[in-house]
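Please open the model in your viewer and keep the sequence beside it. The tour below goes from selection to selection and says what is found at each stop.

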Amino acid sequence: MAVALAEARAALEHDDVPIGCVIARGGEVLGAAHNARERDNDPTAHGEILALREASRRVGSWRLEGCTVYVTLEPCTMCAGALVLARVERLVIGAMDPKAGAVGSLYNIATEPRLNHRIEVVSGVREDECGQILKDFFAAKRT
């Protein structure tokens, strides 16, 4: 989660919402990214999507079986769906997102029994730190 938090802080450099994501397997980081919607003018440039793309390139497959994803904020519907489609094994979440989260808050896509793959989910890892970076970012926007 420390690497995901560092990625989240990197998003601040281009005024993106500070959310970071890391994908690892067997102790090896396969992908790491942060939100880049503002920088790239791309609505799909969420940290999770960018990290999935990088990890898939490194592995040489869209199937990321055996991988753990660390993300500072609960994934949205797009990202949660992409994680399921990538066959990710485990998802570790920092802070939950009661307004847009799709892995327990509004929906539970990661463990939806009607889908052909489910993800083991752990939440609340470094929750205060993950939440604070977002609170600080949005507080600065309001001033």
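**First stop: the loop between α1 and β1**

Select D15, which is found in the loop between α1 and β1, where helices (H or I, at least four residues) and strands (E, at least two) are DSSP runs, numbered from the N terminus. This is a predicted model, in which local features need pLDDT of at least 70 and side-chain atom pairs count only at pLDDT 80 or more, while totals for chains, interfaces and linings use all residues. Residues are numbered from 1 along each chain as its sequence is written, and side-chain values use heavy atoms, with hydrogens and water left out.

The phi angle of D15 is near 60°, a positive value in a residue other than glycine. D15 has a relative accessible area of 41% and is therefore partly exposed; buried means under 20% relative accessible area, exposed over 50%, and partly exposed in between, with a 1.4 Å probe and protein chains only.

Now select E13, which lies in that loop between α1 (2-11) and β1 (20-25). Is E13 buried or exposed? Its relative accessible area is 72%, so E13 is exposed. If you add R39 to the selection, you will find it 26 residues from E13 in sequence and 9.5 Å away in space, C-alpha to C-alpha.

**Second stop: the whole chain**

Zoom out to the protein chain, which has five helices and five strands, and follow its elements from the N terminus on in the order α-β-β-α-α-β-α-β-β-α. The C-alpha atoms fill a box of roughly 45 × 30 × 25 Å, taken along the principal axes. The radius of gyration is 14 Å, which agrees with the value near 15 Å for a compact globule of 143 residues; this radius is taken over C-alpha atoms, and the globule rule is 2.2 Å times the number of residues to the power 0.38.

If you colour the chain by accessibility, buried residues make up 49% of the 143 residues. Contact means heavy atoms within 4.5 Å, and among contacts between residues at least 6 apart in sequence, 55% join residues at least 24 apart.

**Third stop: two helices and a strand**

Select α1, whose buried residues are A4, L5, E7, A8, A10 and A11. What covers them includes β1, β2 (28-34), β3 (68-73) and α5.

Next select α4, where C79, A80, G81, A82, L83 and V84 are the buried residues, with a cover that includes α3 (47-59), β3 and β4. After α4 comes R87, whose phi is positive, near 65°, and which lies in the loop between α4 (77-85) and β4 (90-95).

Within strand β3, pick out V69, which counts as buried because its relative accessibility is 0%. Leaving aside its neighbours within four places in sequence, V69 is in contact with C21, V22, I23, L83, V88, R90, L91 and V92. Of these partners, V92 is 23 residues from V69 in sequence and 6.0 Å away in space, C-alpha to C-alpha.

**Fourth stop: helix α5 and the largest pocket**

Select D128 in helix α5, which is exposed because its relative accessible area is 69%. The C-alpha atoms of D128 and E13 are separated by 22 Å, with their positions 115 residues apart along the chain.

How many aromatic pairs does the structure hold? There is one aromatic pair. F137 and F138 form this edge-to-face pair, at 5.0 Å centre to centre and with 80° between the planes. Rings of Phe, Tyr and Trp (its six-membered ring) pair if their centres lie within 6.5 Å, and planes under 30 degrees apart count as stacked, over 60 as edge-to-face and the rest as tilted. F137 counts as buried because its relative accessibility is 10%, whereas F138, at 36%, counts as partly exposed.

Finally, show the largest pocket, which has a volume of about 600 Å³ and is lined by 24 residues, of which L73, M96, D97, L134 and F138 lie nearest its centre. On a 1 Å grid over the protein atoms alone, a pocket is an open set of points where a 1.4 Å probe fits, with protein on both sides within 12 Å along at least five of seven lines, and lining residues have an atom within 4 Å of a point. Grid points are joined across faces, edges and corners, and the volume is the space filled by probe spheres set on the points. Helix α5 (residues 127-142) gives the most to this lining, with seven residues.
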